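Subject: Structure handover and notes

Hello,

Please find the structure below, with my notes after it. Write back if anything is unclear.

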Amino acid sequence: MSNFEIFDEPTETELKVECDYESLRKVKMTEMNGNATLNKSIHIYATDCNYDENIEPESIFVASAEFIKPKDVSFEWKSFDTLTIRYNKKLKVFKQKKESESINPKIIFEYITE
């Protein structure tokens with residue numbers, strides 16, 4: 001039983017990274033694997049395109065479910081200041097910001113459920 005790791009620390013897998021049209025702001029989508037007590041989850045973060053690794057990215061969106069797959073969440077730049085985030089309506093959403101707080105210029109987030 002000592003080798004059976006029920007409560008392993010979740011690992012993060014990068015799914016997509018994209019800068020805006022002016023290469024000012026970057027959005028990153030990652031998947032966190034689950035364990036015996038947590039479901040998988042998908043996270044979306046925003047940073048400056050040339051951000052320093054010592055600065056914490058701003059968490060924008062977090063969703064989870066037992067069945068979650070990378071295709072259940074996607075994002076695309078709609079315009080200079082608007083990012084569209086699409087997600088499966090069956091996901092449990094834990095965080096869903098309307099606009100960025102620490103990124104300049106601000107990003108407005110538009111959500112579409114499918």
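A salt bridge here is a side-chain nitrogen of Lys or Arg within 4 Å of a carboxyl oxygen of Asp or Glu. The side chains of Lys97 and Glu58 meet that rule, with 3.0 Å from N to O.

Two remarks on the source come before the rest. This is a predicted model, in which local features need pLDDT of at least 70 and side-chain atom pairs count only at pLDDT 80 or more, while totals for chains, interfaces and linings use all residues. Residues are numbered from 1 along each chain as its sequence is written, and side-chain values use heavy atoms, with hydrogens and water left out.

Overall layout

The protein chain has eight strands and zero helices, and its pattern along the sequence is β-β-β-β-β-β-β-β. Both element types are DSSP runs numbered from the N terminus: helices are H or I with at least four residues, strands are E with at least two. Of the 114 residues in the protein chain, 36% are buried. Buried means under 20% relative accessible area, exposed means over 50%, and partly exposed is in between (1.4 Å probe, protein chains only).

Salt bridges

The salt bridge count comes to nine. In the pair given above, Lys97 lies in the loop between S7 and S8 and Glu58 in strand S4, so the contact ties together parts that are 39 residues apart in sequence. Both ends are buried: Lys97 has a relative accessible area of 17%, and Glu58 has 7%. Salt bridges also link Glu58, Lys97 and Glu101 in a network.

Glu114 and Arg86 form another salt bridge, at 3.5 Å from N to O. This pair links distant parts of the chain, with Glu114 in the segment after S8 and Arg86 in strand S6, 28 residues apart. Glu114 counts as exposed at 53% relative accessibility, whereas Arg86 is partly exposed at 27%.

Lys40 pairs with Glu31, and their closest N and O atoms are 4.0 Å apart. Lys40 is partly exposed, with a relative accessible area of 35%, while Glu31 is buried, with 12%.

Disulfide

There is one disulfide, by the rule that two cysteine sulfur atoms lie within 2.5 Å. The cysteines are Cys19 and Cys49, with their sulfur atoms 2.0 Å apart. Cys19 is in strand S1 and Cys49 is in the loop between strand S3 (41-48) and strand S4 (58-64), so the disulfide ties together parts that are 30 residues apart in sequence. Cys19 is partly exposed, at 31% relative accessible area; Cys49 is buried, at 12%.

Aromatic rings

Rings of Phe, Tyr and Trp (its six-membered ring) pair if their centres lie within 6.5 Å; planes under 30 degrees apart count as stacked, over 60 as edge-to-face and the rest as tilted. The count is three aromatic pairs. One of them joins Phe61 and Tyr87, whose ring centres are 5.2 Å apart with planes at 45°, so the pair is tilted. Phe61 lies in strand S4 and Tyr87 in strand S6 (residues 82-87), so parts 26 residues apart in sequence are tied together. Phe61 is buried at 0% relative accessibility, and Tyr87 is buried at 9%. Tyr87 also pairs edge-to-face with Tyr111, at 6.5 Å centre to centre and 75° between the planes. Tyr111 is in strand S8 (residues 108-113), 24 residues from Tyr87. Ring pairs thus link Phe61, Tyr87 and Tyr111 into a cluster.

Two charges sit over rings (NZ of Lys or CZ of Arg within 6 Å of the ring centre and within 35 degrees of the ring normal). The charged end of Lys16 is over the ring of Phe75, 4.3 Å from its centre. Phe75 belongs to strand S5 (residues 73-77) and is buried, with 3% relative accessible area. The charged end of Arg25 is over the ring of Phe80, 4.5 Å from its centre.

Loops and backbone

Tyr21 lies in the loop between strand S1 (12-19) and strand S2 (25-32) and counts as exposed, at 53% relative accessibility. In the same loop, Ser23 has a positive phi of about 55° although it is not a glycine. The peptide bond from Asn104 to Pro105 is cis, with omega near -5°; Pro105 is in the loop between strand S7 (92-96) and S8.

Regards
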